Amino acid sequence: MLRFTILCVGKIKEAYMREAVSDYTRRLTKYGKIEIVETNEDISVKKEGEALLARLQEKSYVFALDLKGKLCSSPELARMLERQATSGYSHFTFIIGGSDGLSSDVTERADCNLCLSPMTFPHQMARLILLEQIYRAMKINHGEKYHK
């Protein structure tokens, strides 16, 4: 069974955004276990990074969301997850930084630095977009229909 951890800085404040995140979290349970771990926002990106790194589990394949990361399509993300799963990974951690991004310690530790878009999104919205893309990747990998 696959496990997904979304490791992120800050909490979602808006009720409508929490509902949308809950919806995609619920949908993903069909494909594995999903956990969202929130760390506190800090005045320093370095301290946020230390808090994020302290919560990483050893045998997890780590994706850091970074504006300088690799851009990929939804099918490419699906292939990346499938490739790592067939290589022995069953746990995937996606890290979302705070409003000032991620520390270099986090991006250097990541197995893959991934860019959701060259556009900038609030980190709360990035969480929702990421969950939708993981869900879409699982649908693709299971040969299930999903709107285009």
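A residue is called buried when its relative accessible area is under 20%, exposed when the value is over 50%, and partly exposed in between. The structure described here is a predicted model. Glu38 has a relative accessibility of 30% and therefore counts as partly exposed.

Glu38 takes part in a salt bridge with Lys11, with 3.3 Å between the closest N and O atoms. This contact joins distant parts of the chain: Glu38 belongs to strand β2 (residues 32-39), while Lys11 is in the loop between β1 (2-9) and α1 (15-28), and the two residues are 27 apart. A network of salt bridges links Lys11 and Glu38 with Arg127. In the model as a whole, the count of salt bridges is 11.

Further salt bridges involve Lys46. The side chain of Lys46 forms a salt bridge with that of Glu50, at an N to O distance of 4.0 Å. Both residues are located in helix α2 (residues 45-54), where a spacing of four residues corresponds to about one turn of the helix. The relative accessibility of Lys46 is 47%, so Lys46 is classed as partly exposed. Glu50, at 44%, is likewise classed as partly exposed. Lys46 also forms a salt bridge with Asp105, in which the closest N and O atoms are 3.3 Å apart. Here the connection is again between distant parts of the chain, from Lys46 in helix α2 to Asp105 in helix α4 (residues 104-109), a separation of 59 residues. With a relative accessible area of 32%, Asp105 is partly exposed.

Strand β1 is largely enclosed by the rest of the structure, because seven of its eight residues are buried. Pairing between β1 and β2 is parallel and extends over eight bridges. Within this pairing, Cys8 has Glu38 of β2 as its bridge partner. The chain passes from β1 through α1 to β2, forming a β-α-β crossover that is right-handed. Glu38 thus appears both in the strand pairing, as the bridge partner of Cys8, and in the salt bridge with Lys11.

Strand β1 also pairs with strand β4 (residues 91-96), in the parallel sense and over six bridges. In this pairing, Leu7 is positioned opposite Ile95 of β4. Parallel pairing of β1 is accordingly found with β2 and with β4.

Conventions. Residues are numbered from 1 along each chain as its sequence is written. This is a predicted model: local features need pLDDT of at least 70, side-chain atom pairs count only at pLDDT 80 or more; totals for chains, interfaces and linings use all residues. Side-chain values use heavy atoms; hydrogens and water are left out. Buried means under 20% relative accessible area, exposed over 50%, partly exposed in between (1.4 Å probe, protein chains only). Two strands pair if DSSP finds at least two bridges between them. A crossover is right-handed if, with the strands pointing away from the viewer, the path from the first strand over the helix to the second runs clockwise.
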